[in-house]
Amino acid sequence: MIGITILGATGTIGLNTLDVLAQHPGRFRVVALTAHRNVELLYQQCVQWRPSYAVLVDDTAAEQLATRLRPVVPEITVLSGVAGLETVARLPEVQMVMAAIVGAAGLLPTLAAAEAGKRVLLANKEALVMSGPLFMAAVERQQAELLPIDSEHNAVFQCLPHSPSTRPADLARQGISRIILTASGGPFRQWSLDRLAQVTPDQACAHPNWKMGRKISVDSATMMNKGLEVIEACWLFSASPQHVDVVLHPQSVIHSLVEYVDGSVLAQLGNPDMRTPIAYALAWPERMSAGVSALDLIKVARLEFEAADWGRFPCLRLAYEAMAAGGTTTAILNAANEVAVAEFLAGRLPFTAIPLLIEATLSQVSGRVVDHLDTILADDAKARAFATEWMANY
């Protein structure tokens with residue numbers, strides 16, 4: 001059986017991954033499950049899946065889990081902290097690592113999986129946003145397999161020709177002129193700009209098509225999520241920002257497209273269900289069932305497209321500018337966004353001020369050449385410190 005570690009097992013991607021695995025008993029073995037501090041849900045998953053390891057980042061939560069598991073499943077080793085996450089990402093009995101920890105917290109264990117030569121199922125886009133050149137160098141050096149889980153990048157991957165390596169070669173050599181990422185536009189696509197100042201966290205988290213966690217739902221509403229996906233696409237597919245476009249597609253049926261120089265445009269379609277890209281990556285280069293209902297084109301009836309307005313979605317503009325600047329600028333962008341979203345969800349920052357905080361941080365914290373992981377982490381910390389100070393004076 002194929003051994004798998006799920007980083008972020010209690011989140012949306014983790015739950016969907018376990019759902020797909022449950023449909024294929026005997027093919028995969030869950031070796032390790034991890035979470036941040038959700039003791040109750042991770043306990044239930046451990047009892048059901050009987051992994052060899054369980055990890056909680058929070059030390060107190062890990063102690064609680066170990067106490068609860070001891071009389072029920074004593075053979076499970078409970079680890080804690082980032083070191084525990086890195087350990088289960090490198091285990092020799094693990095062939096695949098689902099990297100589904102949200103935000104910068106997922107960088108180190110995801111990088112550890114790449115450095116261990118695993119098949120990395122990448123749902124944590126921040127790993128590439130923060131450390132693109134270092135991460136891709138580790139993938140190449142250790143001959144790891146990197147398969148995207150984000151529905152957009154998974155769709156692009158499905159529409160590209162492939163060499164024996166999972167990483168597509170230079171786009172121009174394959175006759176590709178453009179990658180087109182689709183975006184639903186989130187819940188406020190048709191709101192007037194003056195209404196946006198009154199947006200509440202619950203409204204921002206009510207995505208019209210996808211079921212996601214609160215942080216990524218807010219990113220979808222601001223379109224920062226799409227901006228981060230542009231950065232991720234550049235690293236995944238060796239593309240420059242000017243060759244990655246974004247188009248609004250409110251139905252979320254076409255997940256992305258690849259345009260070729262001969263005029264052909266290939267698209268991947270399907271119902272908006274994350275189990276499809278998860279199953280594709282788990283089985284690649286084969287395919288297996290995901291439990292997703294077939295797309296009913298007659299029921300869909302209409303596919304609509306609109307231009308992405310940078311005036312309405314300034315976070316998208318900031319992401320393009322950060323990628324063009326290069327170096328640690330994208331890590332600074334991500335750090336500022338994480339602070340801004342947390343403050344918005346806590347009710348301390350208006351929705352329309354999210355891009356203001358990010359832009360202020362980018363103007364004050366200068367990016368540097370990415371020469372070492374410590375450089376990335378240092379600039380991430382500088383950006384968070386500035387953003388927190390900015391909030392104190394807001």
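Which side chain meets that of Glu145 in a salt bridge? The partner is Arg119, with N and O 2.6 Å apart. Keep in mind as you read on that this is a predicted model.

## The Glu145–Arg119 pair

Let's stay with this pair for a moment. Glu145 belongs to strand S7 (residues 145–148) and Arg119 to strand S6 (residues 119–122), so their salt bridge ties together parts of the chain that are 26 residues apart in sequence. The two ends of the bridge sit in unlike surroundings: Glu145 is partly exposed, at a relative accessible area of 27%, while Arg119 is buried, at 9%. The cut-off for calling a residue buried is under 20%, so the 9% of Arg119 qualifies.

## The chain as a whole

Now for the wider view. The protein chain holds 16 helices and twelve strands. Its C-alpha trace spans about 55 × 55 × 45 Å along the principal axes. For 394 residues, a compact globule would be expected to have a radius of gyration near 21 Å, and the 20 Å of this chain agrees with that.

Of the 394 residues, 56% are buried. The accessible surface comes to about 16000 Å², and carbon and sulfur atoms supply 52% of that area. Contacts across the sequence are well represented too: among contacts with a separation of 6 or more, 68% are between residues 24 or more positions apart.

## More salt bridges

Side chains of opposite charge can pair when their charged atoms come close. How many salt bridges does a search of the whole structure find? The count is 23. One of them joins Glu286 to Arg27, whose closest N and O atoms are 3.4 Å apart. This pair links distant parts of the chain, 259 residues apart: Glu286 is in the loop between helix H11 (275–283) and helix H12 (297–300), and Arg27 is in the loop between helix H1 (12–22) and strand S2 (28–35). Arg27 is partly exposed, with a relative accessible area of 28%.

Another bridge brings together the side chains of Arg214 and Asp202, at 3.5 Å from N to O. Here the link is between helices: Arg214 lies in H9 (residues 214–222) and Asp202 in H8 (residues 201–204), so parts that are twelve residues apart in sequence are tied together. Is each partner buried, partly exposed or exposed, and where does Arg214 stand? Arg214 is partly exposed at 41% relative accessibility, whereas Asp202 is exposed at 56%. Beyond single pairs, Asp19, Asp273 and Arg275 are joined into one network by salt bridges that share partners.

## A five-stranded sheet

Next, look for an open sheet of five strands, with mixed pairing and the order S11-S10-S8-S9-S12. Its edges are strand S11 (265–269) and strand S12 (306–307); each has a single partner strand, so one side of each is left without a neighbour in the sheet. Helix H7 (residues 151–159) packs on this sheet and touches S8, S10 and S11, with its direction at about 40 degrees to that of S10.

Strand S8 is a good place to trace the pairing. With strand S10 (residues 254–260), S8 (residues 176–183) runs antiparallel, and five bridges join the two. Across this pairing, Leu181 stands opposite Ser256, and Ile179 stands opposite Val258. With strand S9 (residues 244–248), S8 runs parallel, again through five bridges; there, Thr182 has Val247 as its bridge partner. Why is S8 described as largely enclosed by the rest of the structure? Six of its eight residues are buried.

## Around Leu316

Finally, turn to Leu316 in helix H13 (residues 314–325). What is the relative accessible area of Leu316? The value is 0%, so Leu316 counts as buried.

Setting aside residues up to four places away in sequence, Leu316 touches Met223, Lys226, Gly227, Val246, Ala308 and Trp310. Among these, Val246 falls within strand S9 (residues 244–248) of the sheet. Leu316 also comes to 8.2 Å from Asn225, C-alpha to C-alpha, although the two are 91 residues apart in sequence.

Definitions and conventions. Residues numbered from 1 in each chain as written. Predicted model: local features only at pLDDT ≥ 70, side-chain atom pairs only at ≥ 80, totals over all residues. Heavy atoms only, no water. Salt bridge = Lys/Arg side-chain N within 4 Å of Asp/Glu carboxyl O. Helix = DSSP H or I, 4+ residues; strand = E, 2+ residues; numbered from the N terminus. Buried < 20%, exposed > 50% of the residue type's maximum accessible area, 1.4 Å probe, protein only. Pairing = 2+ DSSP bridges. Contact = heavy atoms within 4.5 Å. Axes fitted to C-alpha atoms, helices over the stretch in contact; angles between N-to-C directions. Rg over C-alpha atoms; globule rule 2.2 N^0.38 Å. Areas by Shrake-Rupley, 256 points an atom, 1.4 Å probe, with all protein chains shown as cover.
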